[in-house]
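Hi there,

Here is the structure I promised to pass on. Have a look at it first, and my notes follow underneath.

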Amino acid sequence: MENLRILLWAGFLMSLYLVYSQWTADYATVSKPSANNTVSAPALQPAKRQTGARTTPGVLALSDTKPQLFEQTGVPESEGLPINLVSLSNNVLEVFINPDKGADIVEAVLIKYFLSKNDTENKVKLLTLNKNSYHYFQTGLLSTIGKAEPNHQQRFDYIRTNRSNDGTKRALFSWEGDDILVNKTYILSEDSYEVKLIYEIKNKSGEAYPYVQYSQIIKKDAKVERSMFDVETYSFDGGIVFNGESYEKLYPDDLVEKPLMATHQNGWVANIKHHFVVAAIPEAESSFSYQATYDSDNSLGKISAIGESSKTVFPGGIAKEEMSFYIGPKLQSNLKELRPGLERSVDYGMLSFLSKPLFWLLDKIHSFVGNWGLSIILVTFCIKLVFFRLTESSGKSMAKMRVLAPRMKAIQERYKDDKQAASKATMEVYQKEGVNPLAGCWPMLVQIPFFIAFYWVLLESVEIRQAPFFLWIQDLSSRDPYFILPLLMGAGMFFQQKLNPPPPDPMQAKVMNFLPVMFTGMFAFFPSGLVLYWFTNSLLSIAQQWRLNKKLGTKTPISTGRGSDGDG
């Protein structure tokens, strides 16, 4: 039994080690937000901004009738050219639109999210024209007959920005070529991270105008070395494509070897990172061709969605097209309302089937208590309650094992040169006293998936980002700044071990005694919310095991003297 318990602890440690290994292998190099995270531009007015070098990410390549992938040229524009950016904002999001290149959203600032808890000056910027690490949208319409087209390289005229009575803000841009007039309107509602885009296509020519709609996300990553203990490196940072039912992660190495080309209905594309998502969402029920490439030399990635079939505006006719962008935190309720499936951009990993109900429970409890730390404690209590019977059965076995510990040690000493005889004598004692040596291990084994699932809940849920608890814990998504909670957790694990029978083998006993120290060192760099969960779990386990030990130590008839069972 003791050997199995050692193996289970080792397996748990190995699980943690594998998580660390995956972090360092996949996410050691990630993009770093620009240091300048505020944009001084008057709201609802064109804002002139002096910019450095810009990178033109694409030149359109067409076959006879169907759009192909956009080439990524990486040709910088002239230094120091001013760009007239039009600002559109509400109380949570501010986006900047570049009329000189496709009237596309090229910068976005989250007004209520900051880079760190103590830095309220630098807001989180999800889209940027920073020349070393840029990230922005490209959108437009493509002509399938070679006529002029309002693609992302075209200059649009900025018409106006206005505000409706309901608080909705709109920015209107216009383009005209070959007697085709296209109005491009961005709509931003109050308290929303969704930006709607509406095309109005007017055909003033004498012939039909067939077109397809497209959108793509361009992202260049800056090479930044990060510690594996940096919370930003824990989760997936990259592109995903949703096919209407599930999504596929786009790893750069895979795209270099084989670019993505697929057709989906009700799909969307996005770049996700820790706590945030930037998504381009075509109109529902529409079929689009989804394509993705990665240029490893320039760390440049592109994900595009191109209409699978063309639409036609006849002479004198008017057509409309719509799509949406989500630029903001991974708030699951908001994401699901925008498009079913978008909430899956919250990457809980392989154990999402456990993580999602755990988050649901955590969120429901938080709606009553109003503190995420208290919610974590109460969820831990609920998990403990679910496994109470199983843990109680295990605790009874452990309590009996503790009473039998002196006899087990005597057997080990008597048969120290004959392991087979020692094992046989040990099993005879177990059978006589009605003890199952494996019963104490199952609760630990069962709880490991819940621990990992809850770990991803605390790591990925933006709702807990920078959330305070009490006293010195002011950010449950970051490590304890004074390492007090990990030390308390290690002490709890130590006392929890003392309530269980020690291994008869001295070497095993030393390993078990060292585990609290090892866990304390590892958990010192984990999010404090996770440490709070494990500390609470340890306290509840101590209380339960102490109660069982006290109860069974006086009422459970277990003989401790020497008898005919072979222990001498």
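**What I found**

Let's start at a small spot: Asp178 has its place in the loop between β10 (169-177) and β11 (180-188). Keep in mind that this is a predicted model. The phi of Asp178 is near 55°, which is a positive value in a residue other than glycine. Is Asp178 buried, exposed or partly exposed? With a relative accessibility of 44%, Asp178 counts as partly exposed.

There is another residue of this kind. Leu471 is not a glycine either, yet has a positive phi of about 55°. You'll find Leu471 in the loop between α8 and α9, and with a relative accessible area of 70% Leu471 is exposed.

Now for the sheet. β10 and β11 belong to an open sheet of nine strands, and the order to follow on screen is β9-β10-β11-β12-β22-β18-β17-β14-β15, with antiparallel pairing. Which strands sit at the edges? They are β9 (157-163) and β15, each of which pairs on one side only. From one strand to the next, the twist averages 20°. As background, strands of a sheet pair through backbone hydrogen bonds, either parallel or antiparallel. If you want one pairing to zoom in on, try strand β18 (residues 276-282) with strand β22 (residues 318-329): these two pair in the antiparallel sense over seven bridges. Within that pairing, Val278 stands opposite Ile327 in β22.

Ile327 is also a good way into the nonpolar core. The largest core has 108 residues, and Ile327 is among those that touch the most other members, together with Leu93, Ile105, Phe325, Tyr326 and Phe523. Which element gives this core its largest share? That is helix α8 (residues 442-460), with 10 residues. A second core, separate from this one, has eight residues, including Phe96, Val106, Leu129 and Tyr134.

Ile105 is worth a closer look. Leaving aside residues up to four places away in sequence, Ile105 touches Val95, Phe96, Ile97, Leu127, Tyr136, Phe137, Tyr186, Val195, Phe325 and Ile327. Tyr186, one of these contacts, is part of an aromatic cluster with Tyr158 and Phe173.

On to the rings in general. How many aromatic pairs does a search of the whole structure find? The number is 16. One of them is Phe236 with Tyr251, an edge-to-face pair at 5.3 Å centre to centre and 75° between the planes. Phe236 lies in the loop between β13 (209-220) and β14 (238-242), and Tyr251 in the loop between β15 (247-250) and α2 (252-257), so the pair ties together parts that are 15 residues apart in sequence. Phe236 is buried, at 4% relative accessible area, whereas Tyr251 counts as partly exposed at 27%.

Phe483 and Phe525 make an edge-to-face pair too, with 6.1 Å centre to centre and 70° between the planes. Here Phe483 comes from the loop between α8 and α9 (484-498) and Phe525 from the loop between α10 (506-523) and α11 (528-555), so this pair ties together parts that are 42 residues apart in sequence. Phe483 is partly exposed, with 30% relative accessibility, and Phe525 is partly exposed as well, with 29%.

One last thing to look up: the charged end of Lys184 sits over the ring of Phe156, 5.2 Å from the ring centre.

Cheers

Key: Residues are numbered from 1 along each chain as its sequence is written. This is a predicted model: local features need pLDDT of at least 70, side-chain atom pairs count only at pLDDT 80 or more; totals for chains, interfaces and linings use all residues. Side-chain values use heavy atoms; hydrogens and water are left out. A nonpolar core is a set of buried Ala, Val, Leu, Ile, Met, Phe, Trp, Tyr and Cys residues joined through side-chain atoms within 4.5 Å. Buried means under 20% relative accessible area, exposed over 50%, partly exposed in between (1.4 Å probe, protein chains only). Helices (H or I, at least four residues) and strands (E, at least two) are DSSP runs, numbered from the N terminus. Contact means heavy atoms within 4.5 Å. Rings of Phe, Tyr and Trp (its six-membered ring) pair if their centres lie within 6.5 Å; planes under 30 degrees apart count as stacked, over 60 as edge-to-face and the rest as tilted. A charge sits over a ring if NZ of Lys or CZ of Arg is within 6 Å of the ring centre and within 35 degrees of the ring normal. Two strands pair if DSSP finds at least two bridges between them. Axes are lines fitted to C-alpha atoms, for helices over the stretch in contact, and angles run from 0 to 180 degrees between N-to-C directions.
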